[in-house]
Structures are given as structure tokens and as C-alpha cells.
Amino acid sequence: MGARATWKGYLKISLVNIPIKVFPATEASGAISFNQLHAECQTRIQQKKWCPHHDREVSNAEIVKGFEFEKGRYVIVSDEDLEKVRPESTRIIDLVQFADATSLDPMYVDRTYYLAPDGAVAAGAFAVMRDGMRGKVGIGKLALYGREYLVAVRPFERGIVMHTLHHAAEMRGIDSIDELDAVPATVEPEEMKLARQVIQTFEQPLNLADYKDEYREGLQRIIDAKIAGEEIVATSAEAPPKVVNLMEALKKSLDSVSARKKQPAKAAIAKAPPKRKRA
């Protein structure tokens, strides 16, 4: 079953308008979810919408949206009012700027979506603009899920990806972290040299598919064991030792990496079958 589009509209680049569909790039079912139960009877808890003024439960039909402009005072905003606020970005992603793809700081990225052409007629223009954007990122706006997002659009494999971005005003400045005041501005050259050597021993091509959610897998094992009525044995978690001497810790790190790299070769030699003597 193919993915379902969450938004339809147009990708606009100058005078070029391409009908597109937007698809989530991530799975929402990645985390294990829990229900709240009453401990005494293990009945699922219900969360009711309650009006304390009338002392009764209210239905969805009785609920309206209100904005608190003063303490305890609200202005009602209806669905008709919300329909009047329909910026162009509710149906068009207008790319107003392009820059080098490397200029997009990952810190600003919120969520990622795939873009695809909406219909065979749009496929040709979609492919041309995708290839024309190679090495670049386009910036625009999109109204999605009740708010307007700043978005970045860039080519990706056969298609185009779109990232919703945090606005600069949303980002907290690093100067607000008081604990960083204690970090020295310069470091010892010998310590930095050893640190680089340790880091280089771990360098390899990046493939995020090699990494799994070990916490989720462990949690699933516990759930399966409890369903089967098996006893769960918890592994003891030891706190990592504090670094007292940085140079000593870096040297030990290099030694441990070197020892690990030599182990497979020794194991292969040890497991090698003995040579037979010729008669």
C-alpha cells in the first residue's frame, strides 16, 4: 500500500507552478505507546471534557475555540473566521530564495517530507526543476496543520524533500547557557592531537541504517516476556568513570582501539585448523 499524501498544492518557482503532493518522510509508529490504566482493576482511564461551571461533561459539538486576551476573558474564533485567514501558502509553496545546500544549518530543521508530482503531466516539470536545483536549497513558506511554516526544499534521489524549519526567533542563543562560561577558549596542542587521533580511529562512511533503536527493542523484549509470564532480569547499569587525567584517558582510548583491531586477526589464527603432515 502506497503512502498517503497529507497536502496537495503547487510548488512555485518564479512563473513555474508544479502540482505536487506532500508525504511524511518519517513513520509515526516508531515508538511504543502505553495506555493509562486504573491500577486496582486495570481498566483503561477515560479523559472527559468537563465544564466546571455547569458541572457536567460536554460534547465536541458544544466546544468552541477561544483566545484569552485578558485573564479570564476570551474572544471566540469560529471556523468561518479561520477560513478568512488563507494566505497563499495554504495552496502554494512559493520558493523566494535559493542558496547553496551547505548553507542550511541542521539545527533549524524540524520535520522532513517528500514531494512528488500530482499527476503525469506534472512529472516532466518536476524532474527538470529537481535536477536544476542540484547543490541548492530553496526557501519558502507553507501553511500546514493550522500554522504557517518556513520550509526548505532540496533535491533527493528521484524526488524532492521538504524540511519545515524553525524561525530564527525560535532558536535560543547559545550564550544563554551559563555552564559554557567555564569552557576554556584554548586547549593544549598535545591533548588536541591525541583527541584527533582517537576520533580518526572511529571514522568510516556514514550509514544511519546500521543503527537500531535498542531502547525500543529492549522494551519490546520486556513486554513479550511479561506476556509470556517470564521473569525479567534487569542488567546493572554502571556509571562511566570520571575523567581525572585527560591525557591518560586519551592514551588508553587509543590503546583499546588498537587492541580491538588486532583481536580478529588473532582469533582467526587461533581457529585455523592444523596442517596435516604428508605421509
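Isoleucine 177 sits in the loop between strand 12 and helix 3 (189–201) of this predicted model. With a relative accessibility of 35%, isoleucine 177 counts as partly exposed, because the partly exposed class lies between the 20% and 50% limits. Isoleucine 177 also belongs to a nonpolar surface patch, together with Ile174, Leu180 and Val183. The accessible area of these four residues together is about 360 Å².

Now for the chain as a whole. Its 279 residues include 17% that count as buried, and its secondary structure consists of five helices and twelve strands. The accessible surface comes to about 23200 Å², and carbon and sulfur atoms account for 54% of that area. Among contacts with a separation of 6 or more, 59% join residues 24 or more positions apart.

Let us turn to the interior. The largest nonpolar core has 20 residues, and Ile20, Ile93, Leu115 and Met162 have the most contacts inside it. At least two residues of this core come from each of strand 1 (7–13), strand 2 (16–24), strand 7 (92–95), strand 9 (109–117), helix 2 (120–132), strand 10 (136–144), strand 11 (147–156) and strand 12. Leucine 115 gives a good view of the packing: beyond residues up to four places away in sequence, leucine 115 touches Ile20, Lys21, Val22, Phe126, Val153, Ile160 and Met162.

Strand 12 (residues 159–165) also holds histidine 163. Is histidine 163 buried or exposed? Its relative accessible area is 7%, so histidine 163 falls under the 20% limit and is buried. The side chain of histidine 163 has a polar partner in the side chain of threonine 112, at 3.0 Å. Leaving aside neighbours within four places in sequence, the contacts of histidine 163 are Leu104, Val109, Arg111, Thr112, Leu150, Val151, Ala152 and Arg154.

Arginine 130, in helix 2, is a charged side chain to look at next. Arginine 130 is buried, with a relative accessible area of 15%. Its side chain makes a polar contact of 2.9 Å with the side chain of aspartate 131. Further along the sequence, arginine 130 touches Pro155, Glu157, Arg158, Gly159 and Ile160.

Alanine 143 belongs to strand 10 and is buried, with a relative accessible area of 15%. Which residue lies 53 positions from alanine 143 in sequence but 4.6 Å away in space, C-alpha to C-alpha? That residue is threonine 90.

Finally, a look at the backbone. Most residues other than glycine have a negative phi. Serine 14 has a positive phi near 60°, and glutamine 42, also not a glycine, has a positive phi of about 60°. Serine 14 lies in the loop between strand 1 and strand 2, while glutamine 42 lies in the loop between strand 2 and strand 3 (50–51). Serine 14 is exposed, and glutamine 42 counts as exposed too.

Here are the relative accessible areas of the residues discussed, side by side.

| Residue | Relative accessible area | Class |
|---|---|---|
| Histidine 163 | 7% | buried |
| Arginine 130 | 15% | buried |
| Alanine 143 | 15% | buried |
| Isoleucine 177 | 35% | partly exposed |
| Serine 14 | 55% | exposed |
| Glutamine 42 | 61% | exposed |

Key: Residues are numbered from 1 along each chain as its sequence is written. This is a predicted model: local features need pLDDT of at least 70, side-chain atom pairs count only at pLDDT 80 or more; totals for chains, interfaces and linings use all residues. Side-chain values use heavy atoms; hydrogens and water are left out. Helices (H or I, at least four residues) and strands (E, at least two) are DSSP runs, numbered from the N terminus. Buried means under 20% relative accessible area, exposed over 50%, partly exposed in between (1.4 Å probe, protein chains only). Contact means heavy atoms within 4.5 Å. Accessible areas come from the Shrake-Rupley method with a 1.4 Å probe; for residues, only the protein chains shown count as cover. A polar contact is a pair of N or O atoms within 3.5 Å; within protein, one must be able to donate a hydrogen and the other to accept it, and residues adjacent in sequence count only if both atoms are side-chain atoms. Patches are made of residues with over 30% relative accessible area and no salt bridge: like charges are joined within 9 Å, nonpolar side chains (Val, Leu, Ile, Met, Phe, Trp, Tyr) within 5 Å. A salt bridge is a side-chain nitrogen of Lys or Arg within 4 Å of a carboxyl oxygen of Asp or Glu. A nonpolar core is a set of buried Ala, Val, Leu, Ile, Met, Phe, Trp, Tyr and Cys residues joined through side-chain atoms within 4.5 Å.
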